[in-house]
Amino acid sequence: MKKGSLMMLPLLAVLAWPVLASHDELEKMLLQREQAFADSMEKRDFAAFKTFLADEAIFFTSDGVLRGKQDVAQGWKVYYQGEQAPFSWQPRQVEVLASGDLAHSSGPVFNAKGECFATFNSIWRKQQSGEWLVVFDKGTPGCVEK
């Protein structure tokens, strides 16, 4: 290897290093991701909904706990049938850990008439690919519209 080539190695290593997003940028990314997740319901796009789920996702429902992507998808399939969404949700608050790999989102849940009746809470984990996937989701009665 030529002498000049060896001098380029540190520069190449720096250029190959992943650029880390700031905390504010991570929160903005997650807010957009949560909104896209919510949009899957409005657009009646069940295939898109499934792409947001981690393989080991856990969703709490009034009938029990759904464990795993397949179980969650099967449990939520009914909500994607029909022309009108039975409910919708809007992300209002997002918090990302300083590590940048785990986050919480929450906001109001609205019935088909647009009335707020619950609050959702979701936990997202950032994958090695950089994609955020839902690992936990739980709605609670009562509406908090912050």
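The following conversation explains how several features of this predicted model are named.

Colleague: What should be known about the model before its features are discussed?

Modeller: This is a predicted model, in which local features need pLDDT of at least 70 and side-chain atom pairs count only at pLDDT 80 or more, while totals for chains, interfaces and linings use all residues. Residues are numbered from 1 along each chain as its sequence is written, and side-chain values use heavy atoms, with hydrogens and water left out.

Colleague: How many helices and strands does the protein have, and what makes a run count as one?

Modeller: There are 4 helices and 7 strands. Helices are DSSP runs of H or I with at least four residues, strands are DSSP runs of E with at least two, and both are numbered from the N terminus. In that direction the order is α-α-α-β-β-α-β-β-β-β-β.

Colleague: Why is Gly107 called buried, and Asp101 partly exposed?

Modeller: Buried means under 20% relative accessible area, exposed means over 50%, and partly exposed lies in between, with a 1.4 Å probe and protein chains only. Gly107, in strand β5 (residues 102–111), has a relative accessible area of 3%, so Gly107 is buried. Asp101, in the loop between β4 (93–96) and β5, has 37% and is therefore partly exposed. Ala85, in the loop between α4 and β3, has 16% and thus counts as buried. Of the 146 residues in the protein, 32% are buried.

Colleague: How do you know that Cys116 and Cys143 form a disulfide?

Modeller: A disulfide is a pair of cysteine sulfur atoms within 2.5 Å. The sulfur atoms of Cys116 and Cys143 are 1.5 Å apart, so the pair meets the definition. A search of the whole structure finds 1 disulfide.

Colleague: Why is this disulfide called right-handed, and which parts does the pair tie together?

Modeller: The torsion about the S-S bond of Cys116 and Cys143 is about 90°, so the disulfide is right-handed. Cys116 lies in strand β6 and Cys143 in the segment after β7, so the parts tied together are 27 residues apart in sequence. Cys116 has a relative accessible area of 22% and Cys143 one of 34%, so both are partly exposed.

Colleague: Why are Phe46 and Phe49 called stacked, whereas Phe87 and Trp89 are called tilted?

Modeller: A pair of aromatic rings is described by the distance of the centres and the angle of the planes. Rings of Phe, Tyr and Trp (its six-membered ring) pair if their centres lie within 6.5 Å; planes under 30 degrees apart count as stacked, over 60 as edge-to-face and the rest as tilted. By this rule the count is 14 aromatic pairs. Phe46 and Phe49 are 6.1 Å apart centre to centre, with 15° between the planes, so they are a stacked pair. Phe87 and Trp89 are 6.2 Å apart centre to centre, with 35° between the planes, so they are a tilted pair. Phe46 and Phe49 are both buried, and so are Phe87 and Trp89.

Colleague: Where do Phe46 and Phe49 lie, and which cluster includes them?

Modeller: Phe46 and Phe49 are 3 residues apart in helix α3 (residues 46–50), so about one helical turn separates them. One aromatic cluster is formed by Phe37, Phe46, Phe49, Phe52, Phe59, Trp76, Tyr79, Tyr80, Phe87, Trp89 and Trp124.

Colleague: How do you know that Lys138 lies over the face of Phe60?

Modeller: A charge sits over a ring if NZ of Lys or CZ of Arg is within 6 Å of the ring centre and within 35 degrees of the ring normal. Lys138 is placed over the face of Phe60, at 5.0 Å from the ring centre.

Colleague: Which residues lie nearest the centre of the largest pocket, and which strand gives the most to its lining?

Modeller: The largest pocket is lined by 23 residues, with Phe60, Trp76, Tyr79, Phe87 and Gly139 nearest its centre. On a 1 Å grid over the protein atoms alone, a pocket is an open set of points where a 1.4 Å probe fits, with protein on both sides within 12 Å along at least five of seven lines; lining residues have an atom within 4 Å of a point. Strand β7 gives the most to this lining, with 5 residues.
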